[in-house]
Amino acid sequence: MDATNPLFRMEGISKRYGGVRALERAELTVHAGRVHAILGENGAGKSTLIKIMAGVVAPDEGRMLLDGREVTFPDPAAANAAGIVCVFQELSLIPELSVADNIIVSHPPTRLGMIDRRAQRGLAEEALARAGGGDIHPSTLIKDLSLSRRQIVEIAKALARKPRVLILDEATSALSASDVESVFGVIRRLRDDGVAHLYISHRMHEIAELADTCTVFRNGRNVATYEARTKTDEQVVELMIGREYHNVFPPKPPRPEGKKPMLEVKNLTWSPRLNGVSLDVSAGEIVGLGGLDGQGQRELLLALFGVLRGASGDILVDGQPVSINSPREAKADRIGMALIPEDRKTEGLMLPMAVRDNLSFAAMSLFSRGGIIDRSAERRAIDEVIKLLAIKTDGIAVPAGSLSGGNQQKVVIAKWLMRKPRIILLNDPTRGIDVGTKQELYQLLRKLADAGAAIILYSTDYDELIGCCDKVLVMYDGAVKRMLAGTEITEKALIASALNIDADLKGAGAMRPAAQ
Amino acid sequence: MTDQTTDVPVRLSFRQRLNVPVVTAFGCIVLLLVVGSIYSPNFLSPEYLLQQLKVGAFLGIIATGMMVVILLGQIDLSVPWTVTLGAMMASAATAYGPMGEVAAIPFGILCGLLIGLLNGVAVAYLRIPSMIITLAVNAVAQGLMVAYSGGFSPQDSASPAMKFIGAQSTLGVPHAVVVWIIVGGLAVFLLTRTTFGRAIYGIGNKESAAYLSGVPTQRVVVAAFALCGALAAFGGVLLAGYAGKAAQSMGDAYLLPAIAAVVLGGTSILGGRGSYLGTIAGVILITLLQSILSVMQIAEFGRQIIYGVIIVAMLLLYGRDQKLR
């Protein structure tokens, strides 16, 4: 450890949201000129910790020290003023404004009360150059940039605020491989200039490559801090989940050979996001979609579900060509498809509506005649599915929004299971839900597959793909680049093919064998 | 952090179960009656109350359609001239002999339905914001009616059937009130017991979620607007029966009251939330308010100001209850 005094310290930080404990007496010490990686599962408390640092939320208790002096941040502007700047994983840029406007958005240089455009442009160019985006023109509109370039602008925006502590929260997840490299270069340069970095990423190899110090969070507490590269990946993962890893996932049954596919997709195209995707899924099979975020996985699921206008290609169900032009056609008995959408709050649920109304919403035709709902049949079906998924709810008349995230997700899944779908598409279903519920979902998926469903699971969590899937299709740039099956599904293989390279990656070594 | 932490706090308050807006609206009705009875004891007489219900019935029927559209998160500003159009077309049909008299009411409603269909198709398929398209359609309907009538009140009078349901009573019970009760009963059934009703609430809350659940959202939107147009025209038909004939701009007095009644009854102007009971309360509240203000002989401008202020004040009261989103 550094002998120098810490630049920033958090002591005994606790935060609760409603009844849920997000942080419990967490500690963190950040030194200038070091890259400090924060590891932990979703829901371990990382994001809350960072939001507290950045002044987005206030801690319930605990204190923060900057240069040894206690500080409080009532709002993000205060944290920025103190030199703590965050690059959030959600892009915060305004699409209709230019790059320069966005970079300087909070404190534009002024002359006589007007924005000094020339000075603004100079500042923006300088910040872009430091962020490794010197080739981006400051007057380009954000909406004309690719996702990866936007993220570079996001980093430039943070740099323009002259940070002393720079927080990168999944800042590389949207980046292309070459931009990742240039961002790493930027981070190393800033580190040498004495800027402290907090680096949050799920990509183990990035952490191994970049970090100086690592802190692992679990259940709202920091459980270990160690020098980077002093622990094996297995040790790190066990720290993160607090138990043996492979127990999380149910065992996979042996793969049956020569089964006819239930769903076949040929050359599905929705340019420019999908470029000729072909795949097939048999009954009883869980097929994973891997790859970096934003390589067309979401679009693939939406296109299958009939949401995307103008998608071309052939879809065959039970060997019969079908055309699916809307979710209504997709869910019809003939096809029997269900989509668990990405964002349960805007796409999966109607939060203010009762749990009952949400559960029965997609399956209304099953217990209504001539448009009139048979309430007792509805009630029976709902009771059944609530029991099946063990949804914890205070009655079925409460709004869905009052449930915990995990239970909300269960409601989204349950509302589709009521239809007994044969083909189930899941778009990152475990994002932001607790470990216990995740485990239940993994078991549920396997049970559904065993009962004869064909399942396509897109996940941003490699562990899930490894633990759950019978085969994984790795997507890159709107096409399936590689298919991994059985024991081929390893983190190393997933990452290598996600980046569309075959070479071995430093630090990405066989992290763990595929669960058998 | 996990979503479960950033979620809406676990809070199904007592206030929500009680349905504050509905209770508030009924409370205000009682308050108005008490205030009115201090002014004049006639306010509590059955004759006065029945008369208010009769006047309220027209607004109630028009507000029913408006409520369905507002539940979707949309608005229908074409109501004023749809009301007038329904009244004029029904009266016009009456002029065509006995067959016309029989067809008068259905024909008036049909014309309103077509206006509603136009609104609905424009909103659902052409994706024109309802505030714009319905305003435009209102102007077009106005133009058509002025062209038809030459700018004067038409000479045709209401058919006997229209007068029967609009103006007459049996055993002291105005037929218009009976019609409102039937329309209201059907609306309650539609909203609470049918897939169409569920779809309306679903779309009002989150259209994307409703669409991804496989609900034919566009068709539901069209149907809702058509229903609103038909009910507005039906209200106009009854009004023509009440007054004996149609008149220019007879619907203009119904736009703000209809929206206000729905919203004062606790239906969220953003859609997705509200009960018909609240709309009934809102209609009665608005009707009483108008009546009391006019009985107190407050000048027209004063009435308008008080009326507007009360609506804003009540909306502010409800605003506090809308955290769950």
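Helix α17 (residues 491-498) of chain A lies across β15 (286-290), β23 (471-476) and β24 of chain A, and runs at about 25° to β23(A). Helices here are DSSP runs of H or I with at least four residues, strands are DSSP runs of E with at least two, and both are numbered from the N terminus. Axes are lines fitted to C-alpha atoms, for helices over the stretch in contact, and angles run from 0 to 180 degrees between N-to-C directions.

A word on the model before going further. It is predicted, so local features need pLDDT of at least 70 and side-chain atom pairs count only at pLDDT 80 or more, while totals for chains, interfaces and linings use all residues. Residues are numbered from 1 along each chain as its sequence is written, and chains are lettered from A and ligands numbered from 1 in the order in which they are written.

**The sheet in chain A**

The strands under helix α17 belong to an open sheet of six strands in chain A, with the order β18-β21-β22-β15-β23-β24 and mixed pairing. Its edge strands are β18 (337-340) and β24 (479-485), each pairing on one side only. From one strand to the next, the twist averages 20°. Two strands count as paired if DSSP finds at least two bridges between them. As general background, strands of a sheet pair through backbone hydrogen bonds, either parallel or antiparallel.

Strand β15(A) is a good place to look at this sheet in detail. Four bridges join β15(A) to β22(A) in the parallel sense, and Leu289(A) has Tyr458(A) as its bridge partner in β22(A). Toward β23(A), β15(A) again pairs in parallel over four bridges, with Val474(A) as the partner of Gly290(A). Further along, β21 (residues 423-427) and β22 (residues 454-458) of chain A run parallel and are joined by five bridges; Ile455(A) in β22(A) is the bridge partner of Ile424(A).

Which way do the residues of β15(A) point? Ile286(A), Gly288(A) and Gly290(A) point one way, Val287(A) and Leu289(A) point the other way, and all are buried. Buried means that 20 or more other C-beta atoms lie within 10 Å of a residue's own; a residue is exposed at 12 or fewer and partly exposed in between, with C-beta atoms placed from the backbone.

**Cores and domains**

The sheet also leads to the largest nonpolar core, which has 182 residues; those with the most contacts inside it include Leu425(A), Ile455(A), Ile62(B) and Met66(B). Such a core is a set of buried Ala, Val, Leu, Ile, Met, Phe, Trp, Tyr and Cys residues joined through C-beta atoms within 7 Å. Helix α12 (residues 217-243) of chain B gives the largest share of this core, 18 residues. Domain 2 (248-336 + 421-503) and domain 3 (347-420) of chain A both contribute residues, so the core lies between them. Apart from this core lies another, of 67 residues, among them Leu39(A), Ala54(A), Val153(A) and Leu159(A).

Chain A also has a domain 1, covering 8-246, and the C-alpha centres of domain 1 and domain 2 lie 32 Å apart. These bounds come from an automatic or database domain assignment.

Ile455(A) touches residues including Ile286(A), Val287(A), Ile424(A) and Leu426(A), not counting residues up to four places away in sequence. Contact here means C-beta atoms, placed from the backbone, within 7 Å.

In chain B, Val262(B) sits in helix α13 (residues 255-264) and is buried, with 29 other C-beta atoms within 10 Å. Beyond four places in sequence, Val262(B) touches residues including Ala63(B), Met66(B) and Ile70(B). The C-alpha atoms of Val262(B) and Ser294(B), 32 residues apart along the chain, are separated by 22 Å.

**The two chains**

| Chain | Secondary structure |
|---|---|
| Chain A | 17 helices and 24 strands |
| Chain B | 15 helices and two strands |

With 516 residues, chain A has a radius of gyration of 24 Å, which agrees with the value near 24 Å for a compact globule. Chain B, with 325 residues, has 20 Å, which agrees with a globule value near 20 Å. This radius is taken over C-alpha atoms, and the globule rule is 2.2 Å times the number of residues to the power 0.38.

The C-alpha atoms of chain A fill a box of roughly 70 × 50 × 45 Å along the principal axes, and the C-alpha trace of chain B spans about 70 × 55 × 35 Å. Buried residues make up 50% of chain A and 50% of chain B.

Conventions: Two residues are in contact if their C-beta atoms, placed from the backbone, lie within 7 Å.
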